Amino acid sequence: MELIDQNNAVNVMMDAESSQIYRLEALKFCEEFKEKCPFSVQCGLRLADKAQTAVVRHFGLQILEHVVKFNWNNMPQQEKVHLKNCAMDLLSTGTYPILEEESHIKDVLARIIVEMIKREWPQHWPEMLKEMEALTGTGEAQTELVMLILLRLAEDVITFQTLPAQRRRDIQQTLTQNMESIFIFLLAILQIHVDEYRKLAKSHCRVGVATLNTLAGYIDWVAVTHITNDNCRLLEMLCLLLSETELQLEAAECLVIAISRKGKLEDRKPLMLLFDDVAMHFILSAAQPAVGVVDRHYTFLKRLCQVLCALGSQLCCLVGSDVEVEVPANLSKYMEAFLAFTTHPSQFLRAATQITWGTLFRHEILSKDPVIIEMTIKYFRATMTNLVKTGFPSRNDSPSCEYSRHDFDSDEDFNTFFNSFRAQQGEVVRNACRIVPLEAFQIAAEWLRYQISTPIDIGTIVCMYSKTAEGLCSILSPSAVQWDAMTFFTESVVAQIFKNVEDEKLPVDQGIELLQAVLNYNTRDPLILSCVLTNVSALFPFVTHRPQFLTLVLQKSDLSRFQAPRTRAVKNVRRHACSSIIKMSRGYPQFLLPCFDMLYDHVKKLFSNEALLTQMEKCALMEALVLVSNQFKDYAKQKAFLEELMATVVVRWTSEEMRRVLCDPALFLAFVGADQQVPVGSEDTTGINRSRLSFCVYTILGVVKRARWPSDLEEAKAGGFVVGYTPAGAPIYRNPCTHQVLALLPNLLALIRTHNSLFLPENMCRLSDMFSKAYDVIEVEKNVVLGLPQPVLDIYDSPVYKTQLERMQGFFCTLHDNCYHILGNAGPSLQQDFYTIEGLAEQIVGSAFVSLDNQVRVCTPFTPVKKWQIINQRSTDSGEEDEACEENQVTQEMLEEQLVRLVTREVLDLLSKSTLEEEMMSTESPALTAAPTQGTGELTELGKCLVKHEDIYMTLLTISFSSLSWKDTSNCHRTASMVCWTLLRQVVGENLLPDAVIWFYTSVLKGLQMHGQHEVCNSALTQLALFIYDNLRPRNVELRAVMTQIPGVSVEALDQYDQQLLDPNSLPRLGEKKRKDQFKKLLAGTVGKALGQQFKKEVHIRNLPSLFKKSKPEKRDILETCETGTLTEPV
């Protein structure tokens, strides 16, 4: 009767028509049946009978698996033997023929046997492998099941390691000892069933697939000699199978794993046999494209591409090494096959080849081989196609699109991938230019000339994707993508010409000819113009050999040329022009110096019309002038220039009206218009105020960033920049901008103070309804923080800011950031003139650190502490409210949490750099491979100064130890491994308050509870806890009381550890590793589990007698019966 109920319950549970209530009741019944039924084995066997339906059979087998996993340790030996024999009978006769049986039935049958093997083999089931081998003689279905068992065994023991260390060692060592016979067995099975498959026996194909999958599970970790035995017979068979349609994918996967093996070079040398004609023939034949995109064949091509990449990597490792491998005679055949994948329509396959290309081009010997040199030219030609951004999944304008629909979920995914792919290609092109730089330049020149001579094609479907003005390109227009690709290629190539070609061999005439062609090219299309400017910048180094072209280059970058409607595309061109001028001024200031007066006069002319340039553009031009003025190398002359340049800003910034506005939040809001309602369509009269205010701040920032003294000491002394020397003999410089910047600093600090005060409730209420969200994080920043991709089809034809609110948000965001950038740059720029300002610390505290608690973007060191408390509380209380949360609220909480995470990292980064030596900072993650290195770092001079002030020192300790339990594993690992102990050990020898000691130690234990499931964090936190306990326990008995509260701690083990610590001579001294292991066991109860593991029933697998020690006859294992005690004992 119970079996009938169970049968019905399984059917109800799996029936799509069942109601949710009935399904839950059935599920509960089934789970209770597995847990509580006293006749589980008998019921499971009855339910697993072939006469039952597949779902009932599957549940019956699940019951048997449950019995083995959770009841095995408590079963009498006779029941174990009975269950094992029944399971073997199920393998022999309990399944349908191989093509009829359900795959989930086979899988659960294999799991049952593997669970028994994990508990009993080899000690109590020594004949297991022989029994499996015998089973393969009874039919194809049984052979497939044996393959599944061997594969799952390897996965559980080697890959996933789902059993205790001793059992894992026993099984792995036994597998290793028998590996030669296992491989002979597997290859024999494969050969037999492949031969039968070729006689059109479909069932044998299924066995062949299973055997190949099993081989893949072993090839990854067995000794390489097993793979290369018998003159690489395994690899030969796998190459032959590449021609078999039904088996080629699994064969390719085995080949990838085999060829990718690391280890001793001499062991890998036989892999070069795959460069022989026969093997290469089969690889090339298999690479033939299919008609259309067939899922399985496309996946096979990906694996075959991996095979070729792995072969290339092995070739690069072996050629030129101590094992004396020659360059293969048919390298050209391999390279042609490899190039075929680089020119395949699939963007994914093209990208997969890039790392190997780079490795070949960097190789000291191979890069000089004639085949590689010839192939480099072909690679450049292929790259000309590959750099063109085509293949969006949503489109059908390229053969790549169909493949992209298989590889990418959306255009955004494809765009992210392609940007990375393009960056890879740029790196490979730069490496290839080292081999044939002049040929690369010829190809780039040819492509550039072709684009200049080709009429612009905006495309026929542009209107579907954007509102671009008629006759102008969108970012997906054919001409736009072609120009973009050509520009990237040219930029990558030209930069390498000057690094890899001697000056006298430089193609200067050809470069100037190209530059002239670019300068003479005229278009009104913003996207094409942007590419033109990049090409001008790329070719600019040639101008240093022909100075007469400098004026033409500067005219091409003239902002007054780009006066189309201020769309986003036009704004980008103007920004690009600014960047080009700054780039030239930074890279070639001495070369631009003769044109300084002309450039300065032109800038003055542009500045005369306030509406002609944006404030950022004005600042960019000023930065360029300042960069060139650094070449005056004359303090008085440069100071006079800077005074003249900043005269307007100084007058406006230091005026009484501006001072009142900057000091009063109410006046400031009125000045920028944030307290006003601006009707739609009407003019924003306060926009000019925001514009002028931004210009002042931009200018101060630009001057502070760019104005510098000469890098050469003699030139600095001659120019009047050196005012003295430190006691150590280092020169003390003065900056020509110091006088102007110091005069502007008081109002800048007033602006920062006022800006911070805007977040106070009394000032928040002053905002008009239109601008009530003016302080919110702008959408672009929000997407960056949340890791959301930007739209692929960016709206290049839309206004820069679509609404008044967005303009106001952009103003506040930029103003805030620039103010702090000025303060950050003031120190290294003004040096002693800045730090010796009277009352500087008080002024900064009274401005930059005012009213920070209410802000989103700024924090004090304690802000993360408070915020993480809120987040942790929210996580605790969210259970009842999750369903009621609106999407916007959830997004806001995610944003806040991510912001806090980023702010936390910034705070801890500041803390680390302020206190720790650079050598220690550079060892960012030693715990990824080894134990962390606490206790080895030293404090910086600043750090030593900070720890002398108790309030500051305690703040640093509080932040560091509190951060261990915040929900950020990277912060936890970094702080635990580098910061905490370095700070705490400064007071180890002093009398710390007991409460403080307890708090430090429990903070580490809380960290283990939060992050202990991550091995890297666990290692760092355990090491930190060990340092604290070992150093503080002798003087603080309170730590023992903390340890006794750890769940499951052994008091005896704790007493023993304490005795060794407090009285080392009382017990035999343990090695360092054993002490750490002992301590780690004491802390085991504090280690938290991942959410997915918290409610999982634990599986316990007992260790068996060691394989390498003879068991004494009188000490029989509890599993043994009065006879043999093995699972081969007859019932």
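This report walks through aromatic pairs, charged contacts, one helix and some backbone features in a predicted model.

## Aromatic pairs

Let's begin with the rings. A pair of aromatic rings is described by the distance of the centres and the angle of the planes. The structure holds 45 aromatic pairs. One of them joins F408 and F417, whose ring centres are 4.9 Å apart. Their planes meet at 40°, so this pair is tilted, because tilted pairs are those that are neither under 30 degrees nor over 60. Both partners can be placed by their accessibility: F408 has a relative accessible area of 10% and is buried, and F417, at 18%, counts as buried too.

W447 and F489 make another tilted pair, with 5.7 Å from centre to centre and 55° between the planes. This contact links distant parts of the chain, since W447 belongs to helix α23 (residues 437-453) and F489 to helix α25 (residues 478-500), 42 residues apart. W447 and F489 are both buried. They also belong to a cluster linked by ring pairs, in which they are joined by F275, Y334, F338, W357, F361, Y379 and F380.

## Charges over rings

Aromatic rings also meet charged side chains here. K302 lies over the face of F348, at 4.6 Å from the ring centre. In a second case, the charged end of K637 sits over the ring of F632, and the distance to the ring centre is 4.5 Å.

## Salt bridges that span the chain

The count of salt bridges comes to 48. One of them is formed by the side chains of R296 and E250, with 2.9 Å from N to O. R296 is in helix α16 (residues 295-318) and E250 is in helix α13 (residues 248-259), so the pair links distant parts of the chain, 46 residues apart. The two ends differ in their surroundings: R296 is partly exposed, with a relative accessible area of 34%, whereas E250 is buried, at 9%.

A salt bridge also joins R905 and D968, where the closest N and O atoms are 2.9 Å apart. R905 lies in helix α46, while D968 lies in the loop between α49 (950-962) and α50 (969-984), and 63 residues separate these distant parts of the chain. R905 counts as partly exposed at 35% relative accessibility. D968, at 3%, counts as buried.

## A bridge within one helix, and a network

Helix α46 (residues 887-915) holds both R901 and E897, which form a salt bridge with their closest N and O atoms 3.4 Å apart. They are four residues apart, about one turn of the helix. An α-helix has 3.6 residues a turn, so residues three or four places apart point the same way. R901 has 14% relative accessibility and counts as buried, while E897, at 23%, counts as partly exposed.

Salt bridges can also join into a network, and one such network links E65, D107, R111 and R152.

## The buried side of helix α41

Which residues of helix α41 (residues 779-786) are buried? K782, N783 and V785 are buried there. They cover an arc of only 160° around the axis, which puts them on the same side of α41. Just after this helix comes G787, which takes a positive phi of about 75°.

## Unusual backbone spots

Most residues other than glycine have a negative phi, and most peptide bonds are trans. Against that background, a few places in this model deserve a look. A cis peptide bond joins W121 and P122, with omega at about 5°. P122 is found in the loop between α6 (103-120) and α7 (128-135).

Q161 has a positive phi, near 50°, and is not a glycine. Q161 sits in the loop between α8 (140-159) and α9 (165-177), and is partly exposed, with a relative accessible area of 43%. K633 is another residue other than glycine with a positive phi, near 55°. The place of K633 is in the loop between α32 (615-629) and α33 (635-645), and at 26% relative accessibility K633 counts as partly exposed.

Note on methods. Residues are numbered from 1 along each chain as its sequence is written. This is a predicted model: local features need pLDDT of at least 70, side-chain atom pairs count only at pLDDT 80 or more; totals for chains, interfaces and linings use all residues. Side-chain values use heavy atoms; hydrogens and water are left out. Rings of Phe, Tyr and Trp (its six-membered ring) pair if their centres lie within 6.5 Å; planes under 30 degrees apart count as stacked, over 60 as edge-to-face and the rest as tilted. Buried means under 20% relative accessible area, exposed over 50%, partly exposed in between (1.4 Å probe, protein chains only). Helices (H or I, at least four residues) and strands (E, at least two) are DSSP runs, numbered from the N terminus. A charge sits over a ring if NZ of Lys or CZ of Arg is within 6 Å of the ring centre and within 35 degrees of the ring normal. The arc is that of the directions from the helix axis to the C-beta atoms. A salt bridge is a side-chain nitrogen of Lys or Arg within 4 Å of a carboxyl oxygen of Asp or Glu.
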